[in-house]
Amino acid sequence: MSTSSNPSTPASTQPTKTVPEKSTATVAMGWLHTAKFLTTAPQLHFLPELNVPEIAFVGRSNAGKSTCINTLTQQKQLAFASKKPGRTQHINLFSLGKQGVMDAVLTDLPGYGYAAVPKQDKIRWQQVMANYLVSRENLMGIVLMCDPRHGMTELDEILLEVIRPRVEEGLKFLIVLTKSDKLTRTEAAKILSITKLQAGGGDVMLFSAPKRQGIEDVAQLLWKWAHPDAAKASAKALPSVDEAEVPEAPDA
Ligand SMILES: Nc1nc2c(ncn2[C@@H]2O[C@H](COP(=O)(O)OP(=O)(O)OP(=O)(O)O)[C@@H](O)[C@H]2O)c(=O)[nH]1
Ligand SMILES: [Mg+2]
């Protein structure tokens with residue numbers, strides 16, 4: 001005998017359980033949590049060629065790139081983070097994808113601008129990075145991490161110049177203002193609007209690992225970059241402002 005339904009109620013009139021659709025933020029956080037170490041290399045030509053979208057984290061040394069990757073992927077030690085600047089010294093790739101099927105890659109790059117690095121090493125690294133940013137074929141997005149207490153520095157501006165031709169061809173670009181926990185609300189609002197003016201059309205977001213600020217916003221954007229078709233489909237599924245029922249305004 002079936003115990004799953006009330007025989008006196010016709011099947012068609014039984015109340016149906018509605019399963020709420022997962023929000024984009026939940027999907028994005030779940031996707032990022034699948035991150036696994038893929039490979040590490042001292043320069044571009046040692047990296048495997050990949051045919052999935054790659055998103056690189058760049059920025060000054062100590063800006064918080066590795067910490068941001070660990071926070072987004074909800075893994076404590078996926079990328080090496082440290083108080084000591086210059087902790088990341090290789091190009092590190094992390095694969096993403098559900099059920100073990102890789103559908104994107106995150107790249108943690110060594111930072112630039114650390115004064116204590118010998119000049120020759122600085123030049124070598126700047127060449128490695130410029131080469132990666134200009135030539136990595138599957139690179140589809142860049143997250144520029146910037147400490148808002150220093151704002152965009154000259155080296156950040158140079159980096160923007162290096163990637164400008166690719167941005168004009170469609171490369172996605174986000175500036176993340178890290179360590180926002182170190183700022184007051186007023187300071188944060190001010191640096192956010194200044195950086196938006198400098199971003200040349202790119203997105204800008206505030207982020208704090210300890211305060212967990214901005215995590216879902218960054219996660220959703222990266223997910224959308226890597227899944228443009230799915231992102232378009234879920235945007236279509238939502239009613240547009242015209243279609244949505246808008247309550248009538250009360251008479252004045
Ligand atoms: N208060 C605060 N500290 C942070 C935040 N993100 C990172 N940090 C700290 O900043 C320091 C540098 O962080 P990393 O993630 O190693 O920085 P990185 O950009 O990867 O540095 P390199 O690998 O040297 O280029 C560490 O002491 C982190 O704990 C944040 O959002 N808030
Ligand atoms: Mg690092």
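Let's start at Met152: beyond its neighbours within four places in sequence, this residue is in contact with Cys146, Glu157, Thr195 and Gln198. The structure you are looking at is a predicted model, and its chain has 252 residues, of which 32% are buried. The secondary structure comes to seven helices and seven strands. Here is a friendly tour, grouped by topic.

**Around Met152**

- Met152 sits in the loop between β5 (139-146) and α4 (154-168).
- Met152 counts as buried because 21 other C-beta atoms lie within 10 Å, and the cut-off for that label is 20 or more.
- From C-alpha to C-alpha, Met152 and Ile175 are 9.7 Å apart in space, with their positions 23 residues apart in sequence.
- Ile175 will come up again in the sheet, where its place is opposite Val204 in β7.

**The chain as a whole**

- Read from the N terminus, the elements follow the pattern α-β-β-α-β-β-α-β-α-β-α-β-α-α.
- Among contacts in the chain with a separation of 6 or more, 72% are between residues 24 or more positions apart.

**The sheet**

- Seven strands form an open sheet in the order β1-β3-β4-β2-β5-β6-β7, and their pairing is mixed.
- β1 (36-41) and β7 (203-206) are the edge strands; each has a single partner strand, so one side of each has no neighbour in the sheet.
- From one strand to the next, the twist averages 25°.
- At the β1 edge, five bridges join β1 to β3 (residues 91-96) in the antiparallel sense, and Ala41 stands opposite Ile91 in β3.
- Helix α5 (residues 185-198) packs on the sheet, where it touches β6 (172-177) and β7, and its direction makes about 165° with that of β7.
- At the β7 edge, β6 and β7 run parallel and are joined by four bridges.
- In a regular strand, side chains alternate between the two faces of the sheet.
- In β7, Val204 and Leu206 belong to the covered face, while Asp203 and Met205 belong to the uncovered one.

**Thr40, a residue of the β1 edge**

- Thr40 lies in strand β1.
- With 14 other C-beta atoms within 10 Å, Thr40 is partly exposed, because that label falls between 12 or fewer for exposed and 20 or more for buried.
- Apart from its neighbours within four places in sequence, Thr40 is in contact with His90, Ile91 and Asn92.
- The C-alpha atoms of Thr40 and Gln89 are separated by 9.7 Å, although these residues are 49 residues apart along the chain.

**Where α1 meets α6**

- Helix α1 (residues 24-32) and helix α6 (residues 215-226) have axes that come within 8 Å and cross at roughly 80°.
- α1 and α6 are therefore roughly perpendicular to each other, since angles of 65 to 115 degrees count that way.
- On the α1 side, the residues that meet α6 are Thr24, Ala25, Val27, Ala28, Met29, Trp31 and Leu32; on the α6 side, they are Glu216, Ala219, Gln220, Leu222 and Trp223.
- By type, the residues of this contact between α1 and α6 divide into nine nonpolar, two polar and one charged.

**The shell around ligand 1**

- Ligand 1 is surrounded by 24 residues, and the closest are Gly64, Ser66, Thr67, Thr88 and Gly111.
- Helix α2 (residues 65-73) supplies the largest share of this shell, three residues.
- The shell around ligand 1 divides into 12 polar, six nonpolar and six charged residues.

**Two loop residues with positive phi**

- Asn62, a residue other than glycine, has a positive phi near 75°.
- Asn62 belongs to the loop between β2 (54-59) and α2.
- Asn62 is buried, with 22 other C-beta atoms within 10 Å.
- Arg212 is likewise a residue other than glycine with a positive phi, here near 55°.
- The loop between β7 and α6 is where Arg212 is found.
- Arg212 is exposed, with 11 other C-beta atoms within 10 Å.

Note on methods:
Residues are numbered from 1 along each chain as its sequence is written. Chains are lettered from A and ligands numbered from 1 in the order in which they are written. This is a predicted model: local features need pLDDT of at least 70, side-chain atom pairs count only at pLDDT 80 or more; totals for chains, interfaces and linings use all residues. Two strands pair if DSSP finds at least two bridges between them. Axes are lines fitted to C-alpha atoms, for helices over the stretch in contact, and angles run from 0 to 180 degrees between N-to-C directions. Two residues are in contact if their C-beta atoms, placed from the backbone, lie within 7 Å. A residue is near a molecule or strand if its C-beta atom, placed from the backbone, lies within 6 Å of it. Ala, Val, Leu, Ile, Met, Phe, Trp, Tyr, Cys and Pro count as nonpolar, Asp, Glu, Lys and Arg as charged, and the others, Gly among them, as polar. Angles under 35 degrees count as roughly parallel, over 145 as roughly antiparallel, 65 to 115 as roughly perpendicular and the rest as oblique.
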